[in-house]
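Here are some short exercises to work through with the structure open beside you. Try each task before you read its solution.

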Number of protein chains: 2
Amino acid sequence: MKLYSYWRSTAAYRVRIALNLKGVDYGIEPVHLLADGGQQHAPDYVALNPIHLVPTLVLSDGTALTQSLAIIDYLDETQPDPPLLPAEPVLRAQVRAAAQITAVDIHPVNNLRVVQHLEKQFSISREDVADWMRHWTGIGFDALQAVVHSDTLFSFGDTPTLADICLVAQYYNARRWGLDLTPYSRLTEIEKNCLALEAFRAAMPENQPDAAPN
Amino acid sequence: MKLYSYWRSTAAYRVRIALNLKGVDYGIEPVHLLADGGQQHAPDYVALNPIHLVPTLVLSDGTALTQSLAIIDYLDETQPDPPLLPAEPVLRAQVRAAAQITAVDIHPVNNLRVVQHLEKQFSISREDVADWMRHWTGIGFDALQAVVHSDTLFSFGDTPTLADICLVAQYYNARRWGLDLTPYSRLTEIEKNCLALEAFRAAMPENQPDAAPN
């Protein structure tokens with residue numbers, strides 16, 4: 001499989017973690033979101049991913065899958081071991097909901113394209129951008145910390161799930177934008193437990209082939 | 001079951017459609033997003049839904065489920081007939097991805113809380129808000145129209161799926177904000193085919209107990 005990825009994209013980061021947890025052999029095809037006016041807007045890429053976003057996972061038969069959550073569900077359904085969602089329906093819904101606090105309520109609002117649009121249309125400053133990032137991440141983390149379990153290695157039990165995948169990727173972004181993580185000691189503990197696993201570490205932005213010094 | 005809902009929330013609209021398609025008996029508990037400083041911020045509600053958003057589905061045993069996509073997955077897993085996702089993994093991933101163009105890439109960026117924050121922090125005008133809504137919806141609909149099937153009753157085949165549920169709800173919002181739908185004739189056709197079904201019609205904002213004249 002081939003993953004179109006950008007090292008700093010938290011959505012691509014999620015899929016890298018999932019692929020690693022599943023033990024899938026894949027190659028990275030970098031899509032630089034800032035170079036060349038944004039390589040995600042190149043016609044060849046848009047043919048694979050019409051919403052102009054990363055990641056895209058191309059299967060061995062050439063099928064292109066988009067949207068990180070849909071890709072991870074696909075991986076979990078076609079390669080069930082180890083499972084990324086619990087089997088019990090209510091717990092499963094709770095894991096999905098926690099993942100969506102991050103992947104739906106935080107990340108899309110803080111997406112690069114949104115920030116670029118804010119800067120262009122409303123001429124907001126870099127400090128305003130940082131405030132914007134921290135504002136939505138903080139609201140999301142308040143909610144996330146209220147729903148994760150308190151006495152387990154990971155967010156929902158002692159094996160990592162989709163909720164942890166989304167948490168770890170969003171934590172990278174939270175640090176990048178200087179969010180004060182002091183109120184989120186439980187989330188920080190979960191991040192630490194995740195990053196003790198090679199599947200998470202190998203997926204980190206700084207360990208990607210397209211990682212840049214700044 | 002009891003659904004905490006706001007008539008104009010497209011996320012609540014999605015869950016109403018899914019409940020109706022599944023034939024679930026449920027009651028509506030209105031949460032007025034503008035009255036009383038936002039009833040979604042009331043402590044009793046936040047105890048059910050820590051991210052301060054609608055919808056929340058409360059099961060007969062009192063368990064509260066949040067996040068529209070997670071709720072719909074729960075319904076589909078526990079009450080499989082009629083299915084809201086195809087069984088074949090790639091098609092299933094494509095339906096999920098199409099749903100997420102709407103539910104992840106359009107809706108969260110256009111959410112009421114985001115617009116309220118824009119108005120407060122950057123003093124943007126109502127016309128700017130309308131432009132913001134139309135901008136993100138248009139980008140999303142361009143992508144959505146590129147991925148739906150062209151010769152079927154619904155987005156992916158001749159029975160409605162999660163993709164159609166998300167499309168119909170977002171179409172309500174697009175009309176509300178005056179997006180020119182002329183370029184989206186295929187999406188408009190799918191919306192029409194969906195709204196021919198009572199399950200969709202009964203879920204429409206104007207058919208809710210809390211619908212208001214404006």
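**Exercise 1. Find how much area is buried between chain B and chain A in this predicted model, and what share carbon and sulfur atoms give.**

Solution.
- Step 1: The size of an interface is often given as the accessible area lost when the parts come together.
- Step 2: For chain B and chain A, the buried area is about 3,900 Å².
- Step 3: Carbon and sulfur atoms give 69% of that area.
- Step 4: On the side of chain B, the residues that lose the most area to chain A are B:Q67, B:R113 and B:F122. Together these three make up 14% of what that side buries.

**Exercise 2. Work out how chain B is related to chain A.**

Solution.
- Step 1: Two copies of a chain are related by a rotation about an axis and a shift along it.
- Step 2: Here a turn of 180° with a shift of 0.0 Å along the axis lays chain B on chain A, and the RMSD is 0.0 Å.
- Step 3: This is therefore the relation of a two-fold axis.
- Step 4: The same surface serves both copies, as 100% of the contact residues of chain B recur in chain A.
- Step 5: Counting the residues in contact gives 45 from chain B and 45 from chain A.

**Exercise 3. Describe the polar links across the interface, and then the elements and residue classes on the side of chain B that touches chain A.**

Solution.
- Step 1: Start with the salt bridges: the rule finds six across the interface of chain B and chain A.
- Step 2: Look at the salt bridge of B:E77 with A:R96, where the closest N and O atoms are 3.4 Å apart. The cut-off for such a pair is 4 Å, so this pair qualifies.
- Step 3: Next come the polar contacts, with 14 residue pairs found across the interface, both residues being at pLDDT 80 or more.
- Step 4: Strand 4 (64–66), helix 3 (68–78), helix 4 (89–106), helix 5 (112–122) and helix 6 (126–147) of chain B each give two or more residues to the side that touches chain A.
- Step 5: Helix 4 of chain B provides the largest share of that side, with 12 residues.
- Step 6: Sorted by class, the side of chain B that touches chain A holds 27 nonpolar, 10 polar and eight charged residues.

**Exercise 4. Is A:Q67 buried or exposed? And is A:S123 buried or exposed?**

Solution.
- Step 1: Place A:Q67 in the loop between strand 4 (64–66) and helix 3 (68–78) of chain A. Its phi is near 75°, a positive value in a residue other than glycine.
- Step 2: The relative accessibility of A:Q67 is 10%, and the cut-off for buried is under 20%, so A:Q67 counts as buried.
- Step 3: Now move to A:S123, in the loop between helix 5 (112–122) and helix 6 (126–147) of chain A. The phi of A:S123 is near 50°, again a positive value in a residue other than glycine.
- Step 4: A:S123 has a relative accessible area of 62%, and exposed means over 50%, so A:S123 is exposed.

**Exercise 5. Where is A:P55 found, and which form does the peptide bond from A:V54 to A:P55 take?**

Solution.
- Step 1: A:P55 sits in the loop between helix 2 (43–48) and strand 3 (56–58) of chain A.
- Step 2: The peptide bond from A:V54 to A:P55 has omega near 0° and is cis.
- Step 3: In chain B, the bond from B:V54 to B:P55 is cis too, with omega near 5°.

Conventions
Residues numbered from 1 in each chain as written. Chains lettered and ligands numbered in written order. Predicted model: local features only at pLDDT ≥ 70, side-chain atom pairs only at ≥ 80, totals over all residues. Heavy atoms only, no water. Least-squares fit on C-alpha atoms with pLDDT ≥ 70 in both. Contact = heavy atoms within 4.5 Å. Buried area = accessible area lost by both parts, 1.4 Å probe. Salt bridge = Lys/Arg side-chain N within 4 Å of Asp/Glu carboxyl O. Polar contact = N/O pair within 3.5 Å; in protein donor to acceptor, adjacent residues only side chain to side chain. Helix = DSSP H or I, 4+ residues; strand = E, 2+ residues; numbered from the N terminus. Nonpolar A, V, L, I, M, F, W, Y, C, P; charged D, E, K, R; others polar. Buried < 20%, exposed > 50% of the residue type's maximum accessible area, 1.4 Å probe, protein only.
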